[in-house]
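This briefing goes with the sequence and structure shown below. Keep the structure open while reading.

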Amino acid sequence: MSHSSDSPALVGTRWVELGLAIFTALIGAVVMVGSVEQGIGWGDSGPEPGYFPFYIGLMLCAASVANGVLTLVRWQALSISFVSRSAFRQVLSVFIPIALFVAAMPFTGIYVASACFIAWFMARDKVRARPYGNLMIASVSLGAALASYLIFALWFKVPLDAGPLGDLLNLLGRTFK
């Protein structure tokens with residue numbers, strides 16, 4: 001069953017399942033190696049620090065190998081598309097802005113990054129179909145950032161990283177007190 005009949009497949013289900021089985025097996029192996037370094041035996045006071053993580057890693061490896069074998073056994077049945085090119089483009093149209101939002105936060109702070117993120121999505125939707133005016137976009141994006149500041153920093157006393165702009169405002173606030 002293909003996700004989209006009008007768009008060619010980007011990757012097949014069997015390759016995703018096989019890749020995931022290999023990936024989780026590698027995670028299990030890393031856990032096991034780290035556990036061996038910590039000690040996986042039974043000491044005078046009970047299990048050593050790596051005892052339980054080692055067996056969890058072992059179970060993860062075993063389950064991953066079983067999933068890999070099952071994928072190979074069902075190879076022909078899994079020839080369906082996991083994701084089409086058009087569906088993947090839709091995912092990227094949200095993932096890339098979110099990645100940029102997260103990457104911008106250390107430089108701009110969460111409030112400025114959030115306002116820009118919301119404004120960008122509203123402006124993008126304005127172009128696509130929704131008639132948001134620029135005043136509405138500015139009001140919603142700045143209002144959401146202001147609401148976040150009021151709720152977290154002032155009311156709950158949990159300040160979020162405001163970035164360089166927040167540092168500047170704090171410095172100015174202390175200067176003029």
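The notes below cover aromatic pairs, helices, a surface patch and a few single residues. The model is predicted. It holds nine aromatic pairs. Helices H2 and H4 each reach close to their expected span.

**Aromatic pairs and cluster**

- A pair of aromatic rings is described by the distance of the centres and the angle of the planes.
- Among the nine aromatic pairs is that of Trp15 and Trp75, with ring centres 4.9 Å apart and planes at 85 degrees. Planes over 60 degrees apart count as edge-to-face, so this pair is edge-to-face.
- Trp15 lies in helix H1 (residues 13-38), and Trp75 lies in the loop between helix H2 (51-73) and strand S4 (81-84). The pair therefore ties together parts that are 60 residues apart in sequence.
- Trp120 and Phe121 also form an edge-to-face pair. Their centres are 5.1 Å apart, with 85 degrees between the planes.
- The two partners differ in exposure: Trp120 is partly exposed at 42% relative accessible area, whereas Phe121 is buried at 16%.
- One aromatic cluster is formed by Trp42, Tyr51, Phe52, Phe54 and Tyr55.

**Helix H2**

- H2 has 23 residues. From first C-alpha to last it reaches 33 Å, close to the 33 Å expected at 1.5 Å a residue.
- Its buried residues are Phe54, Gly57, Cys61, Ser64, Gly68 and Thr71. These buried residues pack against H1.
- Phe54 is thus named twice: as a buried residue of H2 and as a member of the aromatic cluster.

**Pro97 in helix H3**

- Pro97 sits in helix H3 (residues 85-128).
- Pro97 counts as buried because its relative accessibility is 11%, and the cut-off is under 20%.
- Leaving aside residues up to four places away in sequence, Pro97 touches Leu92, Phe117, Trp120 and Phe121. Two of these contacts, Trp120 and Phe121, form the edge-to-face pair above.
- Pro97 and Phe117 are 20 residues apart in sequence, yet 7.4 Å apart in space, C-alpha to C-alpha.

**Helix H4**

- H4 (residues 134-155) has 22 residues. H4 reaches 30 Å from its first C-alpha to its last, close to the 32 Å expected at 1.5 Å a residue.
- Ile137, Ser141, Ala145 and Ala153 are buried in H4.
- Ala147, also in H4, counts as partly exposed at 31% relative accessibility.
- The C-alpha atoms of Ala147 and Tyr111 are separated by 9.7 Å. These residues are 36 apart along the chain.

**Nonpolar surface patch**

- Leu146, Tyr149, Ile151, Phe152, Leu154, Trp155, Phe156 and Val158 make a nonpolar surface patch of about 800 Å².
- One of the patch residues, Leu146, is found in helix H4. Leu146 is partly exposed, with a relative accessible area of 49%.

**After H4: Lys157**

- Which residue with a positive phi follows H4? Lys157 does, with phi near 55 degrees.
- Most residues other than glycine have a negative phi. Lys157 has a positive value and is not glycine.
- Lys157 lies in the loop between H4 and helix H5 (163-175).
- Lys157 is exposed because its relative accessible area is 61%, and the cut-off is over 50%.

Conventions: Residues numbered from 1 in each chain as written. Predicted model: local features only at pLDDT ≥ 70, side-chain atom pairs only at ≥ 80, totals over all residues. Heavy atoms only, no water. Helix = DSSP H or I, 4+ residues; strand = E, 2+ residues; numbered from the N terminus. Buried < 20%, exposed > 50% of the residue type's maximum accessible area, 1.4 Å probe, protein only. Phe/Tyr/Trp six-rings, centres within 6.5 Å; stacked < 30°, edge-to-face > 60°. Patch = residues over 30% accessible without salt bridge, like charges linked within 9 Å, V, L, I, M, F, W, Y side chains within 5 Å. Areas by Shrake-Rupley, 256 points an atom, 1.4 Å probe, with all protein chains shown as cover. Salt bridge = Lys/Arg side-chain N within 4 Å of Asp/Glu carboxyl O. Expected span 1.5 Å × (residues − 1). Contact = heavy atoms within 4.5 Å.
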